[in-house]
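Let's take a walk through this fold, looking at how its residues pack. Have the viewer open as you read.

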Amino acid sequence: MEKISITFVELKELVNNFFQDKSGITNFNEAEKVRFKYLGRKGLISSLFKKIKEKSPSERALFGKELNFIKSLIKQEIEEKLVEFEKISEKEEKIDITLPGRKFFLGSKHPINIILEEIKDAFYSMGFEVATGPEIETDYYNFEALNMPENHPSRDLQDTLYLDSGGLLRTHTSPVQIRVMEKMKPPVRIIAPGRVFRKDTPDATHSPVFYQVEGLCVDRDVSMADLKGVILSFARHLFGRSAKVRFRPSFFPFTEPSAEYDFSCILCRGKGCSVCKNTGWIEISGAGMVDPEVFKFVGYDPEVFTGFAFGMGVERIAMVKFEIDDIRLFYENDLRFIKQFS
Ligand code: PHE
């Protein structure tokens with residue numbers, strides 16, 4: 001930059017003030033502030049430009065020339081400062097490549113979801129579809145249409161959670177059978193996974209909320225042998241080729257005949273252990289042939305169609321498969337527990 005001598009007093013003062021300000025700058029922000037004070041839109045330089053017209057015509061050209069010179073001088077000086085501090089802060093922020101990286105945690109599937117997916121896979125492979133129904137049910141779907149008379153013990157306030165609205169929390173997934181049959185004509189092949197609710201005090205084997213998967217198959221000529229075949233095939237899918245299934249006579253108002261079915265204990269392979277309480281068998285749930293009374297509720301002709309239905313407790317299966325001895329562990333959301341299944 002060509003050197004010129006400043007003739008105007010106020011410009012000399014401006015230059016002096018600037019150099020004083022500049023000498024006090026210790027960081028990037030202060031340099032920015034000084035730049036703003038002198039070069040900003042309403043800064044000292046631009047206010048001096050406005051004063052040109054107050055000068056006598058003979059002075060104006062020189063004043064303008066000196067002011068332009070000062071402006072570029074200040075610009076250059078302050079830019080040097082800004083660059084200087086930017087470099088310093090770059091040095092300060094320099095990445096330390098010896099630091100260990102940030103740990104990146106992957107989520108993991110909940111054991112109940114792992115089992116639910118295995119159950120679905122097993123039934124998809126047998127041509128079943130997934131159906132769902134509401135958790136808040138009516139008396140009709142949860143009991144009445146399932147042939148449970150008004151005085152049936154499971155309707156008791158002791159077992160069922162009734163809502164003020166008049167509804168109830170479904171006590172099993174069987175109401176989905178009714179909802180599906182109301183909408184579909186046979187052939188029907190569905191499973192219905194979902195949460196169910198019972199007025200149970202939590203302990204190692206009871207939880208007021210748990211998962212069931214309902215199964216329903218209706219067509220012409222469906223027999224108990226089909227039910228046994230499907231359940232056995234499912235047990236093998238889940239626990240391997242050596243899995244065995246047994247059916248014991250039982251009673252449910254919505255199936256006739258009814259059974260309870262067990263899987264051979266996968267831990268002791270039937271020899272007897274603490275998980276199967278030395279019986280060699282693990283109880284899974286109930287099953288049976290759909291009661292003709294239920295078909296009447298949904299308008300299926302029991303003379304033409306037959307079907308089987310089954311339930312299963314998902315936690316039970318997960319407990320056996322993963323050797324978990326307390327159902328409450330599934331609902332405590334303790335990451336130390338959940339992470340073991342990823
Ligand atoms: N809904 C029955 C229960 O919760 C299980 C079941 C389902 C039984 C289907 C028979 C047929 O215990």
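A residue is called buried when its relative accessible area is under 20%. Keep in mind that what you see is a predicted model. Cys-276 has a relative accessibility of 3%, so it counts as buried. Cys-268 comes out at 9%, and therefore counts as buried too.

So what about a bond between those two? A disulfide needs two cysteine sulfur atoms within 2.5 Å. The closest cysteine sulfur to that of Cys-268 belongs to Cys-276, and because it is 3.6 Å away, that is too far for a bond. Seen from the other end, Cys-276 is in no disulfide either, with the sulfur of Cys-268 as its nearest. The tally of disulfides is zero.

Now swing over to helix α10, which spans residues 314-322. Its buried residues are Val-314, Glu-315, Ile-317, Ala-318, Met-319 and Val-320. Among the elements covering them are α5, β5, α8 and β8. Right after the helix, Glu-323 adopts a positive phi of about 55°.

Helix α10 also leads us into the largest nonpolar core, since it is one of the elements that give two or more residues to it, along with α5, β5, α8, β7, β8, β9 and α11. This core holds 45 residues, and Ile-119, Phe-123, Phe-234, Phe-308, Phe-310, Met-312 and Ile-317 have the most contacts inside it. Pick Ile-119 and skip its neighbours within four places in sequence: it touches Val-213, Phe-234, Met-312, Val-314 and Ile-317. Another core lies apart from this one, with 24 residues including Ala-131, Met-181, Phe-254 and Phe-295.

Terms used. Residues numbered from 1 in each chain as written. Predicted model: local features only at pLDDT ≥ 70, side-chain atom pairs only at ≥ 80, totals over all residues. Heavy atoms only, no water. Buried < 20%, exposed > 50% of the residue type's maximum accessible area, 1.4 Å probe, protein only. Helix = DSSP H or I, 4+ residues; strand = E, 2+ residues; numbered from the N terminus. Contact = heavy atoms within 4.5 Å. Core = buried A, V, L, I, M, F, W, Y, C linked by side-chain atoms within 4.5 Å.
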